[in-house]
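Hi,

Here is the structure I promised to pass on. Have a look at it first, and my notes on what turned up are underneath.

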Amino acid sequence: MAVSARSFQNWRTAAAPGESNADLCRRTGIKRSTLGQQIVRGKVSEDTVVRVARAYGKNPVEALSDFEEYSDLLGGPWRPSAAELLSQVSYICILQMILHRSQPADRQDYPDLARFPHANAIRSWFEAVDPGDLRQRLSAATGVAPQNISAQLLAGRLAPELAVEAARLAGVSLTGGLVATGLITSDEAGWPQGGQLAALQALSDSELVFLARDRLDGVGKQIRKFEHDQENELMLLENLG
């Protein structure tokens, strides 16, 4: 979707009064050609809005809510569910928590959730909030084919407008999908400090093990697909001689 270039120009004038495009690009790290192309096309990406907001000390969620396309972000639910919090924990940290529980009771070396990037963050979030028909409902609401939505999720991405619309349809935190996509941070979205760790700690031993099992199953399928694709590429190269 992106946001209207005209709306962006009005917004950036208020957010960064007196700043030229060159000043803006210098402070945000956005290439002048990239910003110029977006403005000429009439659509400015959400990432540009977020980077400008950060550079000028404005909360990205508040900044996005200034645009018609995301005007309900501040009015919608903010607090993530336990399922959303757990969806943003990597399988490595889940395994570390299992190992932690096998240690003596006085050990406090909980896993550092920030150390390990979560490659499947957006897909895990989508599955966590999906009541079973979210792809179909999201497709009907946005006009994006279900297979295209699935392809984005498989590739580890989801357009911001789709992430927010999915949250609207699922009735969960409107910023949750933006956190999962990496557009904004959990702090910027107002997620509770230590919320992910607390959600892990609240699980019983059996729940923790089953969660690890499900995540490892997903990782295993991805690895098998990767290995299969590599084998096919090698066979193709050999046949080409």
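**Salt bridges and the rest**

Let me start with R26, which pairs with D23 in a salt bridge whose closest N and O atoms are 2.4 Å apart. Keep in mind that this is a predicted model. Both R26 and D23 sit in helix α2 (residues 21-28), three residues apart, or about one turn of the helix. R26 is exposed, because its relative accessible area is 61% and anything over 50% counts as exposed.

In total, the chain has 12 salt bridges by the rule used here. Two others caught my eye, one in helix α8 and one in helix α11.

In α8, R123 bridges to E127, with 3.4 Å between the closest N and O atoms. R123 and E127 are four residues apart in that helix, so about one helical turn separates them. R123 is partly exposed at 28% relative accessible area, and E127 is partly exposed too, at 46%.

In α11, the side chains of R168 and E165 form a salt bridge at 2.8 Å, N to O. R168 and E165 are three residues apart in the helix, which means a separation of about one helical turn. Is E165 buried or exposed? With a relative accessibility of 18%, E165 counts as buried, because the cut-off for buried is under 20%. R168, on the other hand, is partly exposed, at 29%. The pair is also part of something wider: salt bridges with shared partners link D72, E165 and R168 into one network.

Those two helices also pack against each other, at least by their axes. The axes of α8 (residues 121-129) and α11 (residues 160-170) come within 10 Å and cross at roughly 20°. That angle makes α8 roughly parallel to α11, since angles under 35 degrees count that way. The crossing of α8 and α11 is left-handed.

Now for the surface. L234, L236, L237 and L240 make a nonpolar patch of about 460 Å². L240, one of these residues, belongs to helix α14 (residues 205-240). L240 is exposed, with a relative accessible area of 67%.

And the overall picture, for orientation: the protein chain has 14 helices and two strands. Its C-alpha trace spans about 60 × 60 × 35 Å along the principal axes. Of the 241 residues in the chain, 38% are buried.

Cheers

Methods: Residues are numbered from 1 along each chain as its sequence is written. This is a predicted model: local features need pLDDT of at least 70, side-chain atom pairs count only at pLDDT 80 or more; totals for chains, interfaces and linings use all residues. Side-chain values use heavy atoms; hydrogens and water are left out. Patches are made of residues with over 30% relative accessible area and no salt bridge: like charges are joined within 9 Å, nonpolar side chains (Val, Leu, Ile, Met, Phe, Trp, Tyr) within 5 Å. Accessible areas come from the Shrake-Rupley method with a 1.4 Å probe; for residues, only the protein chains shown count as cover. A salt bridge is a side-chain nitrogen of Lys or Arg within 4 Å of a carboxyl oxygen of Asp or Glu. Buried means under 20% relative accessible area, exposed over 50%, partly exposed in between (1.4 Å probe, protein chains only). Axes are lines fitted to C-alpha atoms, for helices over the stretch in contact, and angles run from 0 to 180 degrees between N-to-C directions. Angles under 35 degrees count as roughly parallel, over 145 as roughly antiparallel, 65 to 115 as roughly perpendicular and the rest as oblique. A crossing is left-handed if the near helix is turned anticlockwise from the far one by less than a right angle, and right-handed if clockwise.
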